[in-house]
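Let's take a friendly walk through this model, starting with its sheet and then moving on to the elements around it. Keep the viewer open as you read.

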Amino acid sequence: MNGTFISFEGIDGAGKSTHIDSLAQSFRAQGRVVTLTREPGGTPLAEQLRQMVLNDPMDAMTEALLVFAARRDHIRQVIAPALARGEVVLCDRFTDATFAYQGAGRGFDWQTLSVLESWVQANPDQSGRLVQPDLTLWFDLPASIAAQRLAGARVPDKFESQPQAFFEKVANGYALRLAADTERFARIDANQTPAAVWSDVEQAVRSKGFL
Ligand code: TMP
């Protein structure tokens with residue numbers, strides 16, 4: 001796999017979406033082919049699973065199994081083939097979200113999530129390496145500010161309607177994932193103007209030599 005895989009993470013309301021589009025434009029301006037995708041989702045099957053995960057009540061284990069099932073299909077149908085073609089894959093959320101939301105947020109066992117991660121992300125190229133982002137941009141924003149930004153924005157889904165305390169736990173989950181893999185992560189201070197956030201995003205991607 002010789003493409004470039006970048007994931008975007010953060011609690012709901014952290015404001016990552018516009019920066020994903022801007023980064024896609026930057027890569028395209030350099031002649032790279034970009035696959036813009038998201039999780040849960042990115043294939044017809046995974047988008048169906050997304051609707052269930054975001055709307056239907058279920059326990060944390062069911063959520064975890066469904067997001068990993070969606071991820072498996074997404075990797076095999078979209079992510080791994082695009083990376084094998086040398087493309088840039090920009091993914092709005094990936095496995096760190098499962099650790100943050102189902103693990104830290106909902107209290108599902110972290111160790112079991114690690115086992116699922118190792119199964120689902122086993123590399124189709126048999127290299128023994130997991131399919132993991134080369135860079136994960138974590139948009140870090142205090143849960144209280146994210147709540148203000150989300151208020152009245154649109155009809156909230158199952159996660160967006162969780163109380164602030166839930167998002168504090170989710171943010172702690174992201175911090176734990178960063179601590180476990182500081183090489184892969186870049187923490188972006190999302191409590192700034194959009195221009196300042198974008199400048200930090202560009203800087204993080206440049207410092208990896210990707211832009
Ligand atoms: P989005 O609104 O950023 O597209 O994300 C969809 C929601 O799904 C968001 O609230 C986070 C949640 N989610 C999980 O709970 N577990 C996961 O593994 C992923 C990828 C997302």
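In what order do the five strands of the open sheet lie?

## The sheet

The order is β2-β3-β1-β4-β5, and the pairing is parallel. At the edges sit β2 (34–38) and β5, each of which pairs on one side only. From one strand to the next, the twist averages 20°. Strands here are DSSP E runs of at least two residues and helices are H or I runs of at least four, numbered from the N terminus; two strands pair if DSSP finds at least two bridges between them. As general background, strands of a sheet pair through backbone hydrogen bonds, either parallel or antiparallel.

Before going further, a word on the source: this is a predicted model, in which local features need pLDDT of at least 70 and side-chain atom pairs count only at pLDDT 80 or more, while totals for chains, interfaces and linings use all residues. Residues are numbered from 1 along each chain as its sequence is written, and side-chain values use heavy atoms, with hydrogens and water left out.

## Strand β4 and its partners

β4 has a partner on either side: it pairs with β1 in the parallel sense over four bridges, and with β5, also parallel, over five bridges. Across from β4, S7 stands opposite T136 and F8 stands opposite L137. On the β5 side, D140 stands opposite D189.

All six residues of β4 are buried, meaning under 20% relative accessible area (exposed is over 50%, partly exposed in between; 1.4 Å probe, protein chains only). L135, L137 and F139 point one way, whereas T136, W138 and D140 point the other way.

## Helices on the sheet

Two helices to look for are α1 and α7. Helix α1 (residues 17–29) packs on the sheet, touching β1, β2, β3 (88–92) and β4, where contact means heavy atoms within 4.5 Å. The direction of α1 makes about 175° with that of β3; axes are lines fitted to C-alpha atoms, for helices over the stretch in contact, and angles run from 0 to 180 degrees between N-to-C directions. α7 touches β1, β4 and β5, and its direction makes about 145° with that of β4.

## Helix α4

Which part of helix α4 (residues 95–105) is covered? Ten of its eleven residues are buried, among them T95, F99, Y101 and G105. The buried residues pack against β1 (4–9), α3 (60–84), α5 (110–120), β4 (135–140), α7 (164–180) and β5 (185–189). Just after α4, G107 takes a positive phi of about 85°.
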